[in-house]
Amino acid sequence: GPYCLRELNSLMQLSAPQLESVGINSLQKLFAMKVIEFASLKNCGNGVISSCPSLAEVRLPKLQELADYCISDAPKLENVFVPQLEKVGDFSLNELGVKTVHFDGLKEVGNDCLNKNKKLKIASFATLEKTGEGFLAHCNRLLQVDVPMLRVFQTDSFKKSNNLKVIKADS
């Protein structure tokens, strides 16, 4: 349900193989959390997985759509495994510790996604067709972005990603 598993100081690992849904504003402020794995998760509400300063790995192998404000404010998060992800809502995947992202099935991202990822250097999106405004903004170490299917760059895409050297936008 909504607002579950919040503000826990000692929980370090969470694995729920049969869990298919997580409600809004769940999994927040889990200060010691290192790994979250939901093998069967198909959908989640807004605000899931945020403010987890020790989180290093998230595994959501069946998730196809990420809602708004999800997976954010986790500066040590280096491994994000969501191979079936097709759509990301607004203000998601922000302030993570990832150095490289490969979202091969992702087709659409909302406004202000993948922002403020200070360690991100390479981003690859094989099937991305649509982005919202502010895509990959404030990623100071970002060097290369591969978006072969993307046809339109929205307002403030790559804003203040001042080290960006290469954008590959065609096959």
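Contact here means heavy atoms within 4.5 Å of each other. The model is predicted.

**A buried asparagine**

By that rule Asn-94 touches Ile-71, Ser-72, Asp-73, Asp-112, Cys-113, Leu-114, Asn-115 and Asn-117, leaving out residues up to four places away in sequence. Asn-94 sits in the loop between β10 (87–88) and β11. Is Asn-94 buried or exposed? Asn-94 is buried, with a relative accessible area of 9%.

**Cysteines without bonds**

How many disulfides does a search of the whole structure find? The search finds 0 disulfides. Cys-70 is in none; its nearest cysteine sulfur belongs to Cys-44 and is 4.1 Å away. A disulfide needs two cysteine sulfur atoms within 2.5 Å. Cys-70 is also buried, at a relative accessible area of 0%.

Cys-113 is one of the residues that Asn-94 touches. For the sulfur of Cys-113, the closest cysteine sulfur is in Cys-70, at 9.9 Å, which is too far for a bond. Cys-113 is buried, with a relative accessible area of 0%.

**The nonpolar core**

The largest nonpolar core has 47 residues. Which of them touch the most other members? They are Phe-38, Leu-55, Leu-66, Ile-71, Phe-103, Phe-125 and Leu-136.

Take Leu-66. Leaving aside neighbours within four places in sequence, its contacts are Cys-44, Ile-71, Leu-85, Lys-87, Val-88, Gly-89, Ser-92 and Leu-93. Ile-71 appears again in the contacts of Asn-94.

Leu-55 has a link to Met-33. Residues up to four places away in sequence aside, Met-33 touches Leu-11, Met-12, Gln-13, Leu-14, Ser-54 and Leu-55. Met-33 is placed in the loop between β4 (28–30) and β5 (35–37). Met-33 is buried, with a relative accessible area of 0%. Met-33 and Ala-56 are 23 residues apart in sequence, yet their C-alpha atoms are 8.1 Å apart in space.

**An open parallel sheet**

Now the strands. An open sheet is formed by 4 strands, in the order β11-β13-β14-β15, with parallel pairing. Which strands stand at the edges? They are β11 (100–102) and β15 (166–168). Each has a single partner strand, so one side of each is left without a neighbour in the sheet. From one strand to the next, the twist averages 5 degrees.

Strand β13 (residues 122–124) pairs with strand β14 (residues 144–146) in the parallel sense, over 3 bridges. One residue pair shows the register: the bridge partner of Ile-122 in β14 is Gln-144.

**Aromatic pairs**

The count of aromatic pairs comes to 5. In one of them, the rings of Tyr-69 and Phe-91 have centres 5.0 Å apart and planes at 10 degrees, so the pair is stacked. Tyr-69 lies in the loop between β8 (65–66) and β9 (79–81), and Phe-91 in the loop between β10 and β11. The pair therefore ties together parts that are 22 residues apart in sequence. Tyr-69 is partly exposed at 45% relative accessible area. Phe-91 is partly exposed at 31%.

Phe-135 and Phe-158 make an edge-to-face pair, 6.0 Å centre to centre, with 65 degrees between the planes. Phe-135 lies in the loop between β13 and β14, Phe-158 in the loop between β14 and β15, so this pair ties together parts 23 residues apart in sequence. Phe-135 is buried at 0% relative accessibility. Phe-158 is buried at 12%.

Which residues do ring pairs link into a cluster? The cluster holds Phe-103, Phe-125, Phe-135, Phe-153 and Phe-158. Phe-103 and Phe-125 are also among the core residues that touch the most other members.

**Two residues with positive phi**

The loops that hold Phe-135 and Phe-158 also hold the residues tabulated here.

| Residue | Phi | Loop | Relative accessibility |
|---|---|---|---|
| His-138 | positive, about 60 degrees | between β13 and β14 | 28%, partly exposed |
| Lys-160 | positive, about 60 degrees | between β14 and β15 | 48%, partly exposed |

His-138 is not a glycine. Lys-160 is not a glycine either.

Key. Residues are numbered from 1 along each chain as its sequence is written. This is a predicted model: local features need pLDDT of at least 70, side-chain atom pairs count only at pLDDT 80 or more; totals for chains, interfaces and linings use all residues. Side-chain values use heavy atoms; hydrogens and water are left out. Buried means under 20% relative accessible area, exposed over 50%, partly exposed in between (1.4 Å probe, protein chains only). A nonpolar core is a set of buried Ala, Val, Leu, Ile, Met, Phe, Trp, Tyr and Cys residues joined through side-chain atoms within 4.5 Å. Two strands pair if DSSP finds at least two bridges between them. Helices (H or I, at least four residues) and strands (E, at least two) are DSSP runs, numbered from the N terminus. Axes are lines fitted to C-alpha atoms, for helices over the stretch in contact, and angles run from 0 to 180 degrees between N-to-C directions. Rings of Phe, Tyr and Trp (its six-membered ring) pair if their centres lie within 6.5 Å; planes under 30 degrees apart count as stacked, over 60 as edge-to-face and the rest as tilted.
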